[in-house]
Amino acid sequence: MRTSPPAANDPDNFPGLREALAGVRALVLDVDGVLLMKGAALPGAAEALTALDARGIPFRVATNFTAAHRGTLAARFQAAGLPVPEERIVTAASVSAARTAATYPGQLLFVITTPDGRREFDGQLVLPFEEADAPGARVAAVVIGDGETDLSRANLDRAFRLIRDGAALLAMHRNPWWFTSRGPTLDSGAFVAALEFATGVRAVMCGKPGPIMFRTALAGVAADLGGRVAAREVAMVGDDPAQDIVGARRLGMRGVLVLTGKTNAAAAAALGRGARTGTGAHRSRAIPDAVAPSLADVVAALD
Ligand SMILES: [Mg+2]
């Protein structure tokens, strides 16, 4: 079955969806704007996931959300009717925890995120906030995520001193703001920038669009496929050119932009004009390999 191209998918600029996806064996899926919108499943998303399972096409869900453990997110997906088990979820919090476990085994960490998000660090040595005030307190790394009330002046000041005393700085992500029930809301990336400004230390970014999260998702689908997959054989499906498409294409994955989230048809058409004219290496990475109306159309167009 051939899906009809979306109105924004100018055939002069983007190849057809089916051609753009030829040879793709696995998918990495963004959450907001691809599977969910304001906590509710997008039309066709649940059926698309079920179709992937039925066809034996592995996928991972990759999100910069850090304020909850993957088990909590899996339960939320389930409540929204989306069959996404915990082991298929990769978050900026889970990749940060995997990074510290691999890089600083057995060493103390200072982690600012919600209590539920901090459960990703279970089994690692996380310094209680107040103990950072003890004379001579040191940690191997400071990790910054969406700490809500724990992302306080007092805790940022503790993080600042620990970094000055030699701790590495890890950012779960660098998002400056996002939408919550309160409207546009300051996100933890703004606090990462503040710590970088004050310490002169550049943070290692674990989430999108950095390579760590995409490599983790690639390793996951490779394991499902028996151990090997080329990046080119995996497509990232997202609604954000700067986060989803740039990050995926930098590693050699294909990037498919869907129009169910923050990018509308007019913005996608503008990217299409960029695809035709070609304007610089960074700019070109934000240009997707294809544009699709929704995840359901992407899945329908897979070989
Ligand atoms: Mg999104």
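**Figure 1. Two aromatic pairs are counted in the structure, which is a predicted model.** Rings of Phe, Tyr and Trp (for Trp, its six-membered ring) form a pair if their centres lie within 6.5 Å; planes under 30 degrees apart are called stacked, over 60 edge-to-face, and the rest tilted. The rings of Phe110 and Phe129 have centres 5.6 Å apart and planes at 70°, so this pair is edge-to-face. Phe110 belongs to strand E6 (residues 108-112), while Phe129 lies in the loop between strand E7 (125-126) and strand E8 (141-144), so the pair ties together parts 19 residues apart in sequence. Helices (H or I, at least four residues) and strands (E, at least two) are DSSP runs numbered from the N terminus. Both Phe110 and Phe129 are buried, where buried means under 20% relative accessible area, exposed over 50%, and partly exposed in between (1.4 Å probe, protein chains only). Residues are numbered from 1 along each chain as its sequence is written, and side-chain values use heavy atoms, with hydrogens and water left out. In this predicted model, local features need pLDDT of at least 70 and side-chain atom pairs count only at pLDDT 80 or more, whereas totals for chains, interfaces and linings use all residues.

**Figure 2. The charged end of Arg88 sits over the ring of Phe59.** The distance from this charged end to the centre of the Phe59 ring is 4.4 Å. A charge is taken to sit over a ring if NZ of Lys or CZ of Arg is within 6 Å of the ring centre and within 35 degrees of the ring normal.

**Figure 3. Three aspartates supply the protein donors of the magnesium ion.** These are Asp30 (OD), Asp32 (O) and Asp239 (OD), at 2.0 to 2.2 Å from the ion. Donors are N, O and S atoms within 2.8 Å of the metal (3.2 Å for Na, K and Ca); water is not among the atoms, so sites may look incomplete. Along the sequence, the donor residues follow the spacing D-x1-D-x206-D. Asp30 and Asp239 link distant parts of the chain, 209 residues apart: Asp30 is in the loop between strand E1 (26-29) and strand E2 (36-37), and Asp239 is in the loop between strand E13 (234-238) and helix H9 (241-250). Asp30 is buried at 7% relative accessibility. Asp239 is also buried, with a relative accessible area of 3%.

**Figure 4. The largest pocket has a volume of about 1,200 Å³.** On a 1 Å grid over the protein atoms alone, a pocket is an open set of points with protein on both sides within 12 Å along at least five of seven lines, a cavity is a set where a 1.4 Å probe fits but cannot get out, and lining residues have an atom within 4 Å of a point. The lining of the largest pocket comprises 35 residues, of which Asp32, Gly33, Phe65, Trp178 and Phe179 lie nearest its centre. At least two lining residues come from each of E2, helix H3 (70-79), strand E10 (177-180) and H9. E10 provides the largest share, four residues. By class, the lining of this pocket holds twelve nonpolar, eleven polar and twelve charged residues.

**Figure 5. One cavity of 30 Å³ or more is counted.** The largest cavity has a volume of about 40 Å³; grid points are joined across faces, edges and corners, and a volume is the space filled by probe spheres set on the points. Val34, Leu42, Pro43, Gly44, Ala45, Thr260, Ser294, Leu295 and Ala296 line this cavity. Six of these residues are nonpolar, three are polar and none is charged. Ala, Val, Leu, Ile, Met, Phe, Trp, Tyr, Cys and Pro count as nonpolar, Asp, Glu, Lys and Arg as charged, and the others, Gly among them, as polar.

**Figure 6. Backbone details are shown at Pro209, Lys38 and Glu148.** The peptide bond from Lys208 to Pro209 is cis, with omega near 5°. Pro209 is situated in the loop between strand E12 (204-205) and helix H8 (211-224). Lys38, a residue other than glycine, has a positive phi near 50°. Lys38 lies in the loop between E2 and strand E3 (40-41) and is exposed at 82% relative accessibility. Glu148 is not a glycine either, yet its phi is positive, about 50°. Glu148 is in the loop between E8 and H6 and is exposed, with a relative accessible area of 59%.

**Figure 7. Ile89 is located in strand E5 (residues 89-91).** Ile89 is buried, its relative accessible area being 2%. Ile89 and Gly71, 18 residues apart in sequence, are 8.8 Å apart from C-alpha to C-alpha.
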